[in-house]
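Thank you all for coming; I would like to walk through one structure with you this morning, slowly and from the outside in. Please keep the picture open while I talk.

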Amino acid sequence: MLRLFRLPAAIVALVVLAFAVVQAAAVAPGNPAFQRTWERTDQPVASGAVARTWIWGPEANTAVLTEPYAEAPGGQRQVQYFDKSRMEINNPSGDPTSPFYVTNGLLVVELMTGRLQLGDNQFQQHAPAQVNVAGDPDDPLTYADLAPLRSAPAVPNGSLITQRIDGNGVVTNDPSLASQGVTAAFRLSVPGIDHQVASPFWTFLNSSGPVRIAGQTTTQRLFDPWFYATGYPITEAYWARVKIGGTLRLVLVQCFERRCLTYTPGNPAGFEVEAGNVGQHYRVWRYEQIPGNGSPTATSTRTATGVSTTATSTATSTSTSTATSTATATYDPPTDYAFVTSWGGAYDPSTQLQAVGSLATDADGNVYLLDYNTNSVEMYDSSGVLLNRWGQLGSGIGQFNTPLGITVDLEGDIYVADTLNHRIQKFGANGIYERQWLVVDPNTLTQLEPRAITVGPTGLIYVAGFKDTLSYVQVYDGLGGFLTQFSSQGVGAGQIYLPAGLAFDSFNNLYVLSQGASPGANRVVKFTSAGIYVGQWGNIVPSAGDMTLALS
């Protein structure tokens, strides 16, 4: 097995000791949004109202800091570190009441790959983290050890988990672990990820309990959706002997994009499943193990409404001198748009375009146009040169009937909303058919007409469709497995009417274009990626002052 470089034990001990000094002065969450997020799950724990594991930690480990992030206003985003993770505000002008206003980053992915994320598509490559995943700081199993296991195959559905990993990252099978009764409970297959979730973790991620909202304690799901805090699984679950308080104990470990979870049989109820201290581990890696990365910058001011202001402050690290930074959060929309080229139309003999209903682009800049008159997909390079074309009228494989939506995922796979065939067809990057699935309302079994389709921030497929009095947004995995649906037909808040377009912004908000002849139907309706209604604009109330977004 390929072994990655491991820091000498003495150096690791010094790094962990230095980090302990940095975080010794615990502080409260540093702004109202972080406070609300922490209070929801952890205030009931802090008050003694419930005995369960922390989701974030008893307090924050830092003040509110700024870290570079290309898409954030001013190129700096606000973060705060906790034991279990890092809270982030990427869009301070967003809706501060939305549960996704505060997110936590893909910290485990960064720790395993060594790719420090500095923007949606900007990274710095460093060595994977030589930091322990669970247990005492000198436990030998590190994020770097687990990194090669991201590509390990999923175990069979429902099978008993008997895989064991040692302190060197070597995986073996131990049939005696079947006695623990842990099974593969849920398999998630989306582009780039195909892993099981172990039964104790699946139960935990779908659990409910006391939560604190607006000063009131109620009972709700701890995580909604289930992957809000953890992200998707990026490894299988493995048993390990982990050093806890100097004693080796049997622990089940599984890493997700944002957190690593542990299951320790014999722990008291409420503490059998715990989130690892990924927030602590990430700070060690980012600010102690990466050479020359210095210390983060503390933010001195923050408004309660989520509108950021100029911030100037200093932060002192045990390993660096005092650093000063000034960041002004402003947004200046670009004004240097210029015409480049065009193609198609009656005067362009190189294309057969007749009625373009939708378009999409891939990572290489190729353009896919959907022609609902010829029932075909046409693929062009960015200069308009025709590269590929497929499809014709029909209901067979690779045929279409008035297709109205197309999208391309990060792997280059193409999804077509085959509207009057009531289905989605998936093609490889070369236009070769791969699979299809019907778009059906699971409550009435009515076949819907999909009119718009897009890929979500985690690779899931979002489809907007309608039939008669039904209008929904549905969510599927990349294999066509139905996950959920939301919204309904109407002109009220959070409703849509004859959906005609879908798009995500860089903050993972979903915009649905609603159209129709009814008063108030022509609107843009905004949701989170989990389907939570955020807001709307357009022809909400029929009047001369409305911004009507009607389509012909």
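I will begin with the chain as a whole, then turn to its core, a helix, some strands, the disulfide and the salt bridges.

Before anything else, please bear in mind that this is a predicted model. The protein chain has 552 residues, and buried residues make up 51% of them. In terms of secondary structure, there are six helices and 34 strands in the chain. About 23800 Å² of the protein chain is exposed, and carbon and sulfur atoms supply 55% of that area. If we take the contacts between residues at least 6 apart in sequence, 48% of them join residues that are at least 24 apart.

Let me move to the interior. In soluble globular proteins, nonpolar side chains tend to be buried together. Here the largest nonpolar core holds 89 residues, and the members that touch the most other members are Tyr143, Phe201, Leu252 and Val473. There is also a second, separate core of 13 residues, and Ile424, Trp437, Val439 and Val455 are among them.

Which residues does Phe201 touch, once we set aside those up to four places away in sequence? The list includes Ala237, Leu252, Val253, Gln254 and Phe256, and it goes on with Leu261, Thr262, Tyr263 and Val273.

Now please find helix α6, which covers residues 278-289. Of its 12 residues, 10 are buried, and the helix is therefore largely enclosed by the rest of the structure. The buried positions run from Val278, Gly279, Gln280 and His281 through Tyr282, Arg283 and Val284 to Trp285, Arg286 and Tyr287.

Arg286 brings us to the charged residues, since a network of salt bridges links Arg286 with Glu67, Arg77, Arg86 and Glu88. Two members of that network, Arg86 and Glu88, point one way from strand β3, residues 86-89, while Met87 and Ile89 point the other way, and all four are buried. Strand β3 runs antiparallel to strand β2, residues 76-81, and four bridges join the two. Gln78 stands opposite Ile89 in β3, and the connection from β2 to β3 is a hairpin through four residues.

A second hairpin is worth a look, and it takes us back to a residue of the core. Strand β29, residues 470-476, pairs with strand β30, residues 482-486, in the antiparallel sense and over four bridges. Val473, one of the core members that touch the most others, has Phe486 in β30 as its bridge partner. Five residues lie between the strands of this hairpin, and Gly480 there takes a positive phi near 90 degrees.

Next comes the disulfide. A search of the whole structure finds one, formed by Cys255 and Cys260, whose sulfur atoms are 2.1 Å apart. The torsion about the S-S bond of this pair is about 100 degrees, so the disulfide is right-handed. Are these cysteines buried or exposed? Cys255 is buried, with a relative accessible area of 1%, and Cys260 also counts as buried, at 1% relative accessibility.

Finally, the salt bridges, of which a search of the whole structure finds 12. In one of them Asp138 pairs with Lys243, with the closest N and O atoms 3.3 Å apart. Asp138 lies in the loop between β5 and α4, and Lys243 lies in strand β12, residues 238-244, so the pair ties together parts that are 105 residues apart in sequence. Lys243 counts as partly exposed, at 26% relative accessibility.

Another salt bridge joins Arg389 and Glu378, and here the closest N and O atoms are 2.9 Å apart. Arg389 is in strand β22, residues 386-390, and Glu378 is in strand β21, residues 376-380, the two residues being 11 apart. Arg389 is partly exposed, with a relative accessible area of 30%, whereas Glu378 is buried, with a relative accessible area of 0%.

The last pair I will show is Lys426 and Glu434, whose side chains meet in a salt bridge at 3.9 Å, N to O. Lys426 is buried, with a relative accessible area of 7%, while Glu434 counts as partly exposed at 39% relative accessibility.

How values were computed
Residues are numbered from 1 along each chain as its sequence is written. This is a predicted model: local features need pLDDT of at least 70, side-chain atom pairs count only at pLDDT 80 or more; totals for chains, interfaces and linings use all residues. Side-chain values use heavy atoms; hydrogens and water are left out. A nonpolar core is a set of buried Ala, Val, Leu, Ile, Met, Phe, Trp, Tyr and Cys residues joined through side-chain atoms within 4.5 Å. Buried means under 20% relative accessible area, exposed over 50%, partly exposed in between (1.4 Å probe, protein chains only). Contact means heavy atoms within 4.5 Å. Accessible areas come from the Shrake-Rupley method with a 1.4 Å probe; for residues, only the protein chains shown count as cover. Two strands pair if DSSP finds at least two bridges between them. A disulfide is a pair of cysteine sulfur atoms within 2.5 Å. A salt bridge is a side-chain nitrogen of Lys or Arg within 4 Å of a carboxyl oxygen of Asp or Glu.
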